[in-house]
Amino acid sequence: MNNELFIICFGTAIALGLVWCFKNLPKEKWQIIGSIPVKKVVGNKWQGINFTYYGFFNANAFALAITILFVLLGGMGIPEPAVLMIVTAYLGVCMPASSLIAKLVEKKSFTFTVAGASFVGIIMGPWLILLFDYISHMWIRVDLPVIPILASLSIAYTFGEGAGRLACISFGCCYGRPVCEIHPLFRNFFKKLSFRFYGKTKKIAYAGGLEGEQVIPVQAITSVIYLITGLISMYFFLRGQYPFAFMISICITQLWRFLSEFFRADYRGNGKITAYQIMSIVMVIYSAIILSFFPLQYPVRPEIVIGIKSLWTPELIIFIQAIWIISFLFLGKSHVTGSNLSFYVIGKNI
């Protein structure tokens, strides 16, 4: 009962948050969170470095995904040091991969791709867990079950990317096709649910020339699909059905990624079928093959209350906060926008 109640409350909180974000984040003021003066230009004018809500929401997404991972694995009784080892290694591999793969596919230096990072994470996942299993067995005498951990990682990824799409809405990237260009059968439907982005520094404006245009809200659709999938997968995980939870999260997220590319208007590489679409299909096939290599049954059934209690340690709280700060600085510093700042004294307040 505790597991089901948690999922209902968590899902309700997510739904309320999404409604607010979909209404407000396309507006101009929700792109730049702040600017720091770094170089004086002339007089009292300074050149600034911008920090964005893109970094803020992505940092939230990273923190959410890691928290969920700790809750799920903590609910299974896997010790905190083993989970910390897994999280640190995955972040060390996937965060650089998000930039490297974007450079290879999109030929741009200051772009990030969650698709590329998740692809690397899934491909390397089973073998990293086997390595960690060997280390943890020697270090703390604990065995790490591959499929349950893969399932928890895929669920954490699903929630993380679902929440991370809010960053794309705030920055105006990963944008959908104009409603006026789609088939008439869908045009009336998306006219009611479309996004309009405002602000010259939004990517949809400077890269796509679509400021103020009705576009398919592909980021919002992705966010809803992923977060619902995360809740469903979490339910099966908490029931101890680990292979099912793993395949639900992988199949739905990656098949939607394949389909969603057809609704997007931003540059995704050359060809009618993009590299990201190929990666998504490979991930589904690879995940199905992986299930044949490892034991599918694991006797421990998670308990959500135990998992939540496992969060309340100073070390873990500081670790999650540190990940948030690193993620914000890594993804929030804008390389494609600039600012000019000026400072003055308010005479009447002296």
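**Exercise 1. Classify Glu 211 by its relative accessibility, then describe its salt bridge in this predicted model.**

Solution.
- Step 1. Glu 211 has a relative accessibility of 27%. Buried means under 20%, and exposed means over 50%. Glu 211 therefore counts as partly exposed.
- Step 2. The salt-bridge partner of Glu 211 is Lys 200, with the closest N and O atoms 3.0 Å apart.
- Step 3. Place the two ends. Lys 200 sits in the loop between α6 (184-193) and α7 (203-206). Glu 211 sits in the loop between α7 and α8 (218-238). The two residues are 11 apart, and the pair links distant parts of the chain.
- Step 4. Classify the partner. Lys 200 has a relative accessibility of 64%, so Lys 200 counts as exposed.

**Exercise 2. Trace the network of salt bridges that contains Arg 165.**

Solution.
- Step 1. Start with the total: the model has four salt bridges.
- Step 2. Take the pair Glu 161 and Arg 257. Their closest N and O atoms are 2.5 Å apart. Glu 161 belongs to helix α5 and Arg 257 to helix α9 (residues 242-260), so the pair ties together parts that are 96 residues apart in sequence.
- Step 3. Add the third member. Arg 165 joins Glu 161 and Arg 257 in the network. Arg 165 is found in helix α5.
- Step 4. Check burial against the cut-off of under 20%. Glu 161 has 3% relative accessibility, so Glu 161 is buried. Arg 257 is buried too, because its relative accessible area is 3%. Arg 165 has 8%, so Arg 165 is also buried.
- Step 5. List the contacts of Arg 165, leaving out residues up to four places away in sequence. They are Cys 174, Gln 219, Thr 222, Ser 223, Arg 257 and Arg 264.

**Exercise 3. Which residues line the largest cavity, and what is their make-up by class?**

Solution.
- Step 1. Count the cavities of 30 Å³ or more: there is one. The largest cavity has a volume of about 70 Å³.
- Step 2. Read off the lining. It includes the network residues Glu 161, Arg 165 and Arg 257. Also in the lining are Cys 174, Val 218, Gln 219, Thr 222, Tyr 226, Trp 256, Ser 260, Glu 261 and Arg 264.
- Step 3. Sort by class. The lining has four nonpolar, three polar and five charged residues.
- Step 4. Assign helices. α5, α8 and α9 each supply at least two lining residues. α8 gives the most, with four.
- Step 5. Look at one more charged pair in the lining. Glu 261 and Arg 264 form a salt bridge, 3.7 Å from N to O. Both Glu 261 and Arg 264 are buried.

**Exercise 4. Describe the lining of the second largest pocket by position, helix and class.**

Solution.
- Step 1. The volume of this second largest pocket is about 320 Å³.
- Step 2. Its lining has 16 residues. Nearest the centre lie Ile 14, Asn 60, Leu 64, Ala 163 and Leu 166.
- Step 3. α1 (2-24), α2 (53-75) and α5 (146-171) each supply at least two of the lining residues. The largest share, seven residues, comes from α2.
- Step 4. By class, 13 are nonpolar and three polar, with no charged residues.

**Exercise 5. Is Ser 327 buried or exposed, and which backbone oxygen lies 2.7 Å from its side chain?**

Solution.
- Step 1. Ser 327 lies in helix α12 (residues 314-332).
- Step 2. Its relative accessibility is 1%, so Ser 327 counts as buried.
- Step 3. The backbone oxygen of Ile 323 is 2.7 Å from a polar atom of the Ser 327 side chain.

Terms used: Residues numbered from 1 in each chain as written. Predicted model: local features only at pLDDT ≥ 70, side-chain atom pairs only at ≥ 80, totals over all residues. Heavy atoms only, no water. 1 Å grid on protein atoms, 1.4 Å probe; cavity = no way out; pocket = protein on both sides within 12 Å on 5 of 7 lines; lining within 4 Å. Points joined across faces, edges and corners; volume = space filled by probe spheres on them. Nonpolar A, V, L, I, M, F, W, Y, C, P; charged D, E, K, R; others polar. Buried < 20%, exposed > 50% of the residue type's maximum accessible area, 1.4 Å probe, protein only. Polar contact = N/O pair within 3.5 Å; in protein donor to acceptor, adjacent residues only side chain to side chain. Salt bridge = Lys/Arg side-chain N within 4 Å of Asp/Glu carboxyl O. Contact = heavy atoms within 4.5 Å.
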